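Please walk through this protein chain, starting from its overall build and ending with its cysteines and its internal space.

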Amino acid sequence: MTNTLTSPDRQHFAADPHRPQYHFLPPANWMNDPNGLIQWNGQYHLFYQYNPAAAHWGDIHWGHAVSPDLVHWTDLPIALAPTPGGPDSGGCWSGCAVNYNGIPTLIYTGVQADAGQITPTPCLATSDGDLTVWRKYEGNPLFTAPLDNLVGFRDHSLWREKDVWYHLIGSGLDGVGGTVLLFRSPDLYHWEYLYPFCAGDTYASPTLSTGAMWECPQFLSIARHHFLVISGMTRDAPLYTFYLTGTYRDHRFYPNGVHQLDWGSEYFYAPQAMLDDQGRTIMFGWVREGRTVAAQDAAGWAGVMTLPRLVTVGEDGLLRLEPAPEVQTLRSDSIHLSNIELTALGPDPVGNCFELLADIDLLDSADLELDLCLSPDGQERTRIVFSPTRTAWSVIRDQSSVDPTIEHAAQSAPLQPGPLHLHVFVDHSLLEVFVNGTCLTTRIYPTRPDSHILQFNAAHAHLKSLDLWKMRSIW
């Protein structure tokens, strides 16, 4: 069944100062998890959790967009909508897309709400090849939860080894911790439950618990390394995404470490990656809002995707995320500086839709501060502060907006030793920062129309090079 988009046209929001212009988001209303990432006949397809009727979570469908280059997108009709009386009557929740013998196939979580009980089950849908019309399998759901002591049962990740398909579903074991369950099938329709692929809270660090329920699991194999990416739900802490390093053996994953994927914590969630025709692993993540639900409803939209990120493995065996090179095609007017002492650079009015790339030597272990979206009187500003003596860098948001209802908590990430390689993307209310192998995604909502200034402050630093580009809209 084909569904049409019923939300307002994008031009309806042209004057919204907080709406991103070079990151993907739907024409209007609510978006969360990226789903079904796949490259098909050379085109990149992005599906996503979508409420076509409001700017808050609920009535979940699968939205759909297509791109020739990962950055310029065309909205397509809604791919999946709840079927009244069916196993997905309560929503079409997160899942993935695979190529099954030349047939585009979606595996997603159908949710049935009956007498207050929510029952999630795996469902399947296929397309003839243009990926715009999807038919749900008449035998849905494919199977039900195999155990009684599960905390959650949803979200899907598939891969094939020879002629066998393997299928991960996010869950938790009551009294144990988050887990990922493993199933196998010869044909995507008939499934056998095997065992927990990886389970428990054993690998928590003092600052990072892996949670009671693991959402949106994805098993990645890159450069002969194996990783399990998970979005964790805890009872007492915000949502966040982490990944486990470890060994894959006999169709089980044996973890040996837990690592944060993006230091924006709850602002970066439910990422999904795909392998494209070039053999690259490309990832998108959902960036939630940092404002109230009432503000979302008043704005008429909520949620945005990160830039497409290239996922690689560093020399230390850990994941590295960096913007896909296709993002460079959005660059326009530029500024270039090189080989100057950086004590105070700026103030310069650069706007709130730009990319900054800088290489800096921090001398004498001195701190460095970069002010973004700064108003002339300093009332509004977002600070990125680098503190080599504390081996950390932080995004300070206590003055990011004069709106007191906006989230203002500071966020920090570890700072690796050596010269500072800084890559910053500002897109109105969205900030993505990449620093020496770490990244941090967050939200800022500068309210004043003159909060367009950029300024560096440092006691002792040498700027080797700096490039700044204004960024074109992707629409």
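The paragraphs below take the overall fold, then the cysteines, then the cavity.

This is a predicted model. The secondary structure of the protein chain consists of 34 strands and one helix. Its radius of gyration is 22 Å, close to the 23 Å given by the globule rule for 475 residues, so the chain is as compact as a globular protein of that length. Along the principal axes, the C-alpha atoms occupy a box of roughly 65 × 50 × 40 Å. Of the 475 residues, 59% are buried. Among contacts with a separation of 6 or more, 57% join residues that are 24 or more positions apart.

The cysteines come next. The structure contains zero disulfides. Cys96 takes part in none, and the nearest cysteine sulfur, which belongs to Cys216, lies 11 Å away. A disulfide requires two cysteine sulfur atoms within 2.5 Å. Seen from Cys216, the closest cysteine sulfur is that of Cys96, and the 11 Å between them is too far for a bond. Cys96 counts as buried because its relative accessibility is 7%. Cys216 is buried too, with a relative accessible area of 11%.

What empty space is left inside? A search of the whole structure finds one cavity of 30 Å³ or more. The largest cavity holds about 40 Å³ of space. Its lining includes Tyr22, His23 and Phe24, together with Leu70, Val71 and Trp73. Phe284, Thr306, Leu307, Pro308 and Ile474 also line the largest cavity. By class, this lining has nine nonpolar residues, two polar ones and no charged ones.

Key. Residues are numbered from 1 along each chain as its sequence is written. This is a predicted model: local features need pLDDT of at least 70, side-chain atom pairs count only at pLDDT 80 or more; totals for chains, interfaces and linings use all residues. Side-chain values use heavy atoms; hydrogens and water are left out. Buried means under 20% relative accessible area, exposed over 50%, partly exposed in between (1.4 Å probe, protein chains only). On a 1 Å grid over the protein atoms alone, a cavity is a set of points where a 1.4 Å probe fits but cannot get out, and a pocket is an open set with protein on both sides within 12 Å along at least five of seven lines; lining residues have an atom within 4 Å of a point. Grid points are joined across faces, edges and corners, and a volume is the space filled by probe spheres set on the points. Ala, Val, Leu, Ile, Met, Phe, Trp, Tyr, Cys and Pro count as nonpolar, Asp, Glu, Lys and Arg as charged, and the others, Gly among them, as polar. Helices (H or I, at least four residues) and strands (E, at least two) are DSSP runs, numbered from the N terminus. The radius of gyration is taken over C-alpha atoms; the globule rule is 2.2 Å times the number of residues to the power 0.38. Contact means heavy atoms within 4.5 Å.
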